[in-house]
Amino acid sequence: MCVRDWFLRCVTPFIVENPGNRFLRLLPELVALLQHPKVVFVRCDQCLVGTRWRKMTCFLAGNIDPEDMVKLTCKCSSVGGRCDRTHLRHQHLIGSDGTGGSWTSRAQNYPKKLVNTLAQTIFNAAAARKLCR
């Protein structure tokens, strides 16, 4: 039995992060997994959870309440090249950030709001299944 089948059979909540790379969704195993009724794929543009950059991050989740997954779903329309949250242009992740670091290094970590939402989502799903005390 593969890990995927075990998670689904045991109704264990799981979230797999995919940094906007569409190739992961093309894998036959994941295409099959997405057909499962307890599995969803959501997109989160990090600008809408507190960053200056758009950085699309996708999550494949299973055995989690769809209402909790809605909290992770946020797509910036970027109308006119401007962020829906700040109405400013998104920071491009190239070059130095002015403090000697690079923008790409700064963008490696998830914003705090996203981290808290991910943690609360997993906790809620585990608590609903009495997997945590």
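## A guided tour, beginning at helix H5

The buried residues of helix H5 are covered by, among others, strand S1 (14-18), strand S2 (39-45), strand S3 (56-62) and helix H3. The model on the screen is a predicted one. Colour these elements separately before proceeding.

**The whole chain.** Display the full backbone. The secondary structure amounts to 5 helices and 3 strands, and from one end of the sequence to the other these follow the order α-β-α-β-β-α-α-α. Along the principal axes, the C-alpha atoms occupy a box of roughly 50 × 35 × 30 Å. The chain has 133 residues, of which 32% count as buried. Among contacts with a sequence separation of 6 or more, 61% join residues that lie 24 or more positions apart.

**Helix H5.** Select residues 112-128, the 17 residues that form H5. At 1.5 Å a residue, this helix should span 24 Å, and its end C-alpha atoms are indeed 24 Å apart, so the expected and actual spans agree. Next, show the side chains of Leu-114, Thr-117, Leu-118, Thr-121, Ala-125 and Ala-126, which are the buried residues of H5. Turn the view to look down the axis of H5: the buried residues fall within an arc of 160 degrees, and they therefore line one face of the helix. An α-helix has 3.6 residues a turn, so residues three or four places apart point the same way.

Now turn to the other side of H5, where Lys-112 and Lys-113 are exposed. For Lys-112, the relative accessible area is 67%. Add Glu-67 to the selection and draw a line between the C-alpha atoms: Lys-112 and Glu-67 are 20 Å apart in space and 45 residues apart in sequence. Beyond the helix, select Lys-130, which follows H5 and has a positive phi, near 55 degrees.

**The cavity.** A search of the whole structure finds 1 cavity of 30 Å³ or more. The volume of the largest cavity is about 50 Å³. To locate the space, select Val-16, Asn-18, Leu-24, Arg-25, Leu-30, Leu-34, Phe-41 and Leu-60, which line it. This lining comprises 6 nonpolar residues, 1 polar residue and 1 charged residue. Rolling a probe the size of a water molecule over the atoms shows where empty space is left.

**The loop between H3 and H4.** Move to the loop that runs between helix H3 (66-70) and helix H4 (103-106), and select Ser-78 within it. Phi of Ser-78 is near 50 degrees, a positive value in a residue other than glycine. Ser-78 has a relative accessible area of 16%; because this is under the 20% cut-off, the residue counts as buried.

His-87 belongs to the loop between H3 and H4. Its phi is positive too, near 65 degrees, and His-87 is not a glycine. With a relative accessible area of 54%, however, His-87 is exposed.

Finish at His-90, found in the loop between H3 and H4. Is His-90 buried or exposed? Its relative accessibility is 13%, so His-90 counts as buried. To see what surrounds this residue, set aside its neighbours within four places in sequence and display its contacts: Cys-47, Arg-52, Trp-53, Arg-54, Cys-76, Ser-78, Gly-81, Arg-82 and Cys-83. One of these contacts, Ser-78, is the residue with positive phi visited earlier in this loop.

Key: Residues numbered from 1 in each chain as written. Predicted model: local features only at pLDDT ≥ 70, side-chain atom pairs only at ≥ 80, totals over all residues. Heavy atoms only, no water. 1 Å grid on protein atoms, 1.4 Å probe; cavity = no way out; pocket = protein on both sides within 12 Å on 5 of 7 lines; lining within 4 Å. Points joined across faces, edges and corners; volume = space filled by probe spheres on them. Nonpolar A, V, L, I, M, F, W, Y, C, P; charged D, E, K, R; others polar. Helix = DSSP H or I, 4+ residues; strand = E, 2+ residues; numbered from the N terminus. Buried < 20%, exposed > 50% of the residue type's maximum accessible area, 1.4 Å probe, protein only. Expected span 1.5 Å × (residues − 1). Arc of directions from axis to C-beta. Contact = heavy atoms within 4.5 Å.
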